[in-house]
Amino acid sequence: MSARNRELLALLPASLLLVAGFAAIFIQENDVLSDVSLTYGAAFLALCLAVHLVIRFTLPYADPYLFPLVAVLACFGLVVIYRIDDELAREQAQWFVVGLILFTATILFLRDLRLLERYRYTIALAGLVLLFLPRVPGIGQQVNGAYLGVKLGPIAFQPAEFGKIAIIIFLAAYLRDTRQMLVQGSRRVLGVTIPPIKHFGPILLVWGAAMLMLVFIRDLGSSLMYFGGFLALLYVATNRLSFVTIGFALFALGSWFFASTVSHVQERVDIWLDPFKPEWVEKQGYQIAQSVFAQADGGLFGTGFGASLLEVNGNSLIPAPQTDLIYAVITNELGLVGACGLILVYLLFAERGFKTAMLAGESFSKLLAAGLSAVFALQVFVIVGGVTRVIPLTGVTLPFVSYGGSSIMANFILLALLLLVSDRARRPAGAAAGRRGLR
Amino acid sequence: MNRPVVRLFGLVVVLFAVLVGFTSRWTVFEANALRENPANHRVLLQEERIKRGLIRAADGTLLAGSRKVDKDRYARRYPTGDLFAHPVGFFSVDRGRTGLEEYYNDPLSGRATDAVGALERLLGPEGIGEDLKTTLSPEAQRAAYDGLAGRNGAVVALDVKTGAVRALAATPSFDPSDPAKANTFNRATQGRFPPGSTFKVVTAAAALDTGRYQPSSQVDGGNGKVISGTPLNNFGDEDFGSIDLTFALTNSVNTVWAEVGEKLGKKTMAGYMEKFGFYSDPPMDYPDNQLLPSGEYRNGKLLGPESRFIDVGRMAIGQDKLLVTPLQMASVAQTIGNGGMRMEPRLVQKVVDPDGRTTDRPLPEDAQRVMSRASADELTAMMKNVVREGTGTAAALEGVDVAGKTGTAEIDPAAGINDLWFICFTPETAVAVVVERQKGTGGTTAAPIAKQVLQALGE
């Protein structure tokens, strides 16, 4: 069976999940099974088929499982958001359409990935500007002490979502050129391998700028995500654990410094350590406390689709249930079993991403795929870890599941890039010439 | 560059495993602690939103219902007031739960406890509990309270063949709709009384079932016989010569049964008591913290069944340090009436889900065979004699053979204050009655109450 036919078959579970999920919520809320749920399912299935066709005609050799996994996540997210607020679900579905357009555009414009390498500095600059935007007076928006959003007239978006892709592209391109020199030119001081400043300088500069911006806009979750992505790429490029160790030490130092000086960061850490303290359990600690309470209610099998207690007399019991805390809502309704299923899907996606990196023949593609997969997995870790109190809670989205246009669009671009790398890596030797001839 | 990629994936696996670990921590391992966290209002809010299942008597009388308070909150109501307060208990958001409301909380609140139920709930409606159909009879319960007439005491009536609890009355009762003021101490299951002569039927059961005695066996009934080194007197210092066991039970002769107990020995007595259910909580569908075991107590603690502190001769006639619950004595009567087979006492006969399907049938459940049918029949004949011509004539019913045993446990001999007992059974129903700290005897005070309960049950 060809890769594309396998992909088509693999879409079945996603559509079944969607129809079953909507049916469950309809029964829960209206006590009658309405055919609207089937309409929703059919519309989403059509959307999935459209994406499948785009891949079939443009990237015939790409990994067959990446997109079906995304479809499962998206269905899951859509059902849960529908359960929280049907209006939001309609908007989310619209964002999927926009994401799909962006996905197609990315694939069509980037037939040749070397284009990205050529414009790496432009892309890096664009990434930094994006990160800086939320702090610009007039268009930046502050939420919970962090500057995450940008509002330009009617359009509001979260630039950090797009910034992560720009930074990864730059790092992959830069490390492809310099990785040999980083390894060969390094010296050993006190048993620690120190990379040469000359070649490490630019990378530190870009990374440092990104970190400063992040502290400046106070987005801790993204900061952790970017930094982790940076270290992962550095490790893949050089295969030197000592670089990662140095990086980690730097990060630990930086975190300690910011935790003890920036009050916003300090407070987040205190709340993380003891969210049930009476002083703040109803205020700043409310979010994380309600998150674990909701999870405790879920138990092993959950309270059932649509059965979660979200509102009390019109007031939301779980804050931001459709974005930051969507994982807590999922655990509440589907229990530990459902939550593990979701994490498994993310793990499978990361596995396909890293597999793509391993198959990629050429260094830039390899680094790009590894970097994107790593940053994707880290984003899942940062938000789920925040909601489950592994690390302090910060506001990043759960990719493809949380409500939010920026997140959907950025992650569709990420998927397009991974599929582009995969298509080139898995293309049989003879077919390459043939396809080129067709273009 | 592929090896670092593999290691990187390994790191992702570890990180995700941590996420699963923490999710398990909140959803499973620390879930109960989180539910009890004072900042957590979810449990309270959710319990109020659930339309708890109904609790009904055996004849369908509503014992507990749910009433809508506002858009999506419910409150409990108890139409029968204090009549069924002890067995049914109460449900209160701030005072917790007691009785059946506690024991059957999962089905009553619609909380499925098995995997199949959880799957069904993924698609089915939630927030509606399952109904309980109890075995309780309002007539018998009413007769029990009328009979006790405000005096402290308890009445337990069991179905002889199934162990179904037909009445579980204890005074004082309380108003279940005002849990803040409720005194939930249940004399039927938690009250510990010296059993007096009613315990002689346990000794008789052991005597007959071991084959060492027959109803016609002759034993010396002299007053002031030395038992465990101390002289023992009969009720009213009556002196009997050598008499058979039937006569000794009919006239409740202490010295005979004390000798029988001593001859059988501590080990045999302990074995039969444990088979009858002494020394452990009665296996009733009722919360553990509202049940107490019967047996010899010393300084408030239950002794071992063969403890060296036990004076087996005096225990055999219900004296010594023996304390029993009315529920335990009802179970003894039920066992003998059922040919020696003890049944687990049951308050609920079936659990019915909102669609009308029966999801659970707790009744009946065999507990243990205590004695052979032949020995039980012999003992029944002896106990019938007690009602026909002995101390228990006040329980005699027209047209039905009642087998019984009286008990008068001295509490304050100088003032003539006793705990008054009567246990009895017909082929259908076994009853245990205790009236606390009264003048009189079990035969005059407790037996008429048992008769009223039997009559209320149509006998």
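Helix 8 (residues 138-148) of chain B lies across strand 7, strand 8 and strand 22 (429-438) of chain B, and makes an angle of about 30 degrees with strand 8 of chain B. Here helices (H or I, at least four residues) and strands (E, at least two) are DSSP runs, numbered from the N terminus. Axes are lines fitted to C-alpha atoms, for helices over the stretch in contact, and angles run from 0 to 180 degrees between N-to-C directions.

Before going on, please note that this is a predicted model, where local features need pLDDT of at least 70, side-chain atom pairs count only at pLDDT 80 or more, and totals for chains, interfaces and linings use all residues. Residues are numbered from 1 along each chain as its sequence is written, while chains are lettered from A and ligands numbered from 1 in the order in which they are written.

**The sheet under the helices**

Strands 7, 8 and 22 belong to an open sheet of 5 strands in chain B, with the order 8-7-22-21-20 and antiparallel pairing. Strand 8 (165-171) and strand 20 (403-412) of chain B are the edge strands, each pairing on one side only. From one strand to the next, the twist averages 5 degrees. Another helix of chain B, helix 14 (residues 373-389), lies across strand 20 and strand 21 (417-425), running at about 65 degrees to strand 20 of chain B.

The table lists some strand pairs of chain B; two strands pair if DSSP finds at least two bridges between them.

| Strands of chain B | Sense | Bridges |
|---|---|---|
| Strand 7 (residues 153-159) and strand 8 | antiparallel | 6 bridges |
| Strand 13 (residues 295-298) and strand 15 (residues 322-323) | antiparallel | 2 bridges |
| Strand 13 and strand 14 (residues 301-302) | antiparallel | 2 bridges |

Some facing residues are easy to find: B:Ala154 stands opposite B:Ala170 in strand 8 of chain B, and B:Glu296 has B:Leu322 in strand 15 of chain B as its bridge partner. In strand 14 of chain B, B:Lys301 stands opposite B:Arg298. Strands 13 and 14 of chain B form a hairpin with 2 residues between them, and B:Asn299 in the turn has a positive phi of about 50 degrees.

**Chain A and its cores**

Chain A has 16 helices and 7 strands. Of its 439 residues, 53% are buried, that is, 20 or more other C-beta atoms lie within 10 Å of their own, with C-beta atoms placed from the backbone. Helix 4 (residues 86-109) of chain A has 24 residues, which at 1.5 Å a residue should span 34 Å; its end C-alpha atoms are 35 Å apart, which agrees. Among its buried residues are A:Phe96, A:Gly99 and A:Phe103.

A nonpolar core is a set of buried Ala, Val, Leu, Ile, Met, Phe, Trp, Tyr and Cys residues joined through C-beta atoms within 7 Å. The largest has 143 residues, and those touching the most other members include A:Cys75, A:Leu233 and B:Leu8. Helix 14 (residues 363-387) of chain A gives the most to this core, with 17 residues. A second, separate core of 112 residues includes B:Val202 and B:Tyr213.

**Where the chains meet**

In all, 36 residues of chain B are in contact with 47 residues of chain A, contact meaning that C-beta atoms, placed from the backbone, lie within 7 Å. Helix 1 of chain B supplies the largest share of the side of chain B that touches chain A, 19 residues.

Note on methods: Contact = placed C-beta atoms within 7 Å. Expected span 1.5 Å × (residues − 1). Buried ≥ 20, exposed ≤ 12 C-beta atoms within 10 Å, placed from the backbone.
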